[in-house]
Amino acid sequence: SLKVIMLHTALRAGFFLMNSTRQNIKTLIPDKLEERIVGMGLKKYRAAQVFEWIYGHHAASFDDMTNIANAERSLLAKRFYISALRVLRTEYSADGTRKFLFELEDRHTIESVLIPDENRSTLCISSQVGCAQACRFCLTGRGGFRRNLEAFEIADQVVAVGKVLAAEPEGTVAASGGESSRERFRHITNIVLMGMGEPLANLDNVLKALKIITADKGPGFSPRRVTLSTDGLVPEIEKLGRSGMKVNLAVSLNATTDEVRNRIMPVNKRYPIKELLAACRRFPLDDRRRITFEYVMLRDVNDSEADALRLAKLLRGIKCKVNLIPFNPFPGSEFKRPDDAMVQRFKKILAGHHYTALVRESRGGDISAACGQLRERLTADAASASDRLVP
Ligand code: SAH
């Protein structure tokens, strides 16, 4: 009836006003919160408390912040809201891998993948909606670029999955021996920036997100447990090196000649192999660390014995290990994966030259959660959701 429609319209307008007058407090984290809090007449240390509530204790509302005075809580609630990623869908692979589809406030979607193992559980997170790098063997790259993720949207993938896992019965996934300082995140032991997007093309936000993820009063991950993977943006590799954020570096090399790499990874035309490896040689590593080189194996493209020998020669003198990733197909892909014998032979040649080479069988292929299979999805759910949820 008309009355119902009018009521509905009024409610919508109300929601809209609430959202338009309040600001998402997470957009101020990590580096602008203190200034704003002080500007509101609150004590500086309130910023650290708010941060700890949000990123250490999963607080969803200012009401939860019991060590902050009532009047101050309501002042905060008047100015701000606390956003949360919305889990649109969770898919389970037969091998235990789990893929989360998250909806952002502007309705774009991203995916994160949880890969449990016997004694660890790795969360693979996204840094962009889509990707502009256009690697030919990657489905995300085929779909084009939408936008960069904000720092909180990157960090919140860890928060959202941590929250889901904390609510599950013990033993669902392996928990860490306590290296991550926050009990609430013990079910995620490692984080890899290997989901959708090129993290170094969004470096400023990625660095802010890493600051959140590694904060003692937040999720508290040691940077040693975090790996950033790049397709080879040389100036940003240098910037990351200078940033002091001591996460592990993985480089998607994927070819041993510029001719082949140009063909499968457009970034190589800007930063050819020689320049890329020179940047890797300059990258500051401390004693224990090594660079990981990823190498997607494409049949008859980059999987020959000559390739293996060239790779051994190219990497000489770099403290590194090699992850061989047999190609994961997707509908319409032009490449094939080599057979196992070929992969083993490649690995053997590298081992013969004293490289640590691992064949990384991608997990979660049955739910399109494997390397190179993530993409933005417009689900019926997202398309029909008539109102943005007011947090
Ligand atoms: N943009 C970053 C982060 C993505 S990581 C990067 O390029 O490193 C994704 C990893 O999966 C990369 O090493 C990439 O080379 C690999 N990959 C992409 N598509 C793949 C596919 N179809 N099969 C196997 N590995 C793939």
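Which residue has a backbone N or O atom that lies 2.8 Å from a nitrogen atom of the ligand? In this predicted model, which I would like to walk through from the ligand outwards, the residue is Asn328, whose contribution here comes from its backbone and involves a nitrogen atom of the ligand at 2.8 Å. The protein as a whole covers 94% of the 540 Å² of accessible area that the ligand has on its own.

Let me stay with the ligand and turn to its oxygen atoms. An N or O atom in the side chain of Ser252 is 2.6 Å from an oxygen atom of the ligand, and for the side chain of Glu294 the corresponding distance, again from an N or O atom to a ligand oxygen, is 3.1 Å.

As for the shell in general, 20 residues surround the ligand, and the closest of them are Phe137, Glu198, Ser229, Ser252 and Asn328. When the shell is sorted by residue character, nine of its residues are nonpolar, eight are polar and three are charged. Three strands, namely β10 (226-230), β12 (291-297) and β13 (320-326), each supply at least two residues to this shell.

I now move on to helix packing, where I have picked out two pairs. In the first pair, helix α12, which spans residues 305-314, packs with helix α13, residues 340-352, at an angle of about 30° and with the two axes 9 Å apart. Because angles under 35 degrees count as roughly parallel, α12 is described as roughly parallel to α13, and the crossing of these two helices is right-handed.

The second pair consists of helix α7, residues 203-213, and helix α8, residues 234-243, whose axes come within 11 Å and cross at roughly 30°. These two helices are therefore also roughly parallel to each other, and α7 passes α8 in a crossing that is right-handed.

Finally, there are two points of backbone geometry to look at in the loops. As general background, most residues other than glycine have a negative phi, and most peptide bonds are trans. Against that background, the peptide bond from Ile29 to Pro30 is cis, with omega near 10°, and Pro30 lies in the loop that runs between β1 (23-24) and α2 (33-39). Asp300, although it is not a glycine, has a positive phi of about 65°, and this residue is found in the loop between β12 and α12.

Definitions and conventions: Residues are numbered from 1 along each chain as its sequence is written. This is a predicted model: local features need pLDDT of at least 70, side-chain atom pairs count only at pLDDT 80 or more; totals for chains, interfaces and linings use all residues. Side-chain values use heavy atoms; hydrogens and water are left out. A residue is near a molecule or strand if one of its heavy atoms lies within 4 Å of it. A polar contact is a pair of N or O atoms within 3.5 Å; within protein, one must be able to donate a hydrogen and the other to accept it, and residues adjacent in sequence count only if both atoms are side-chain atoms. Accessible areas come from the Shrake-Rupley method with a 1.4 Å probe; for residues, only the protein chains shown count as cover. Helices (H or I, at least four residues) and strands (E, at least two) are DSSP runs, numbered from the N terminus. Ala, Val, Leu, Ile, Met, Phe, Trp, Tyr, Cys and Pro count as nonpolar, Asp, Glu, Lys and Arg as charged, and the others, Gly among them, as polar. Axes are lines fitted to C-alpha atoms, for helices over the stretch in contact, and angles run from 0 to 180 degrees between N-to-C directions. Angles under 35 degrees count as roughly parallel, over 145 as roughly antiparallel, 65 to 115 as roughly perpendicular and the rest as oblique. A crossing is left-handed if the near helix is turned anticlockwise from the far one by less than a right angle, and right-handed if clockwise.
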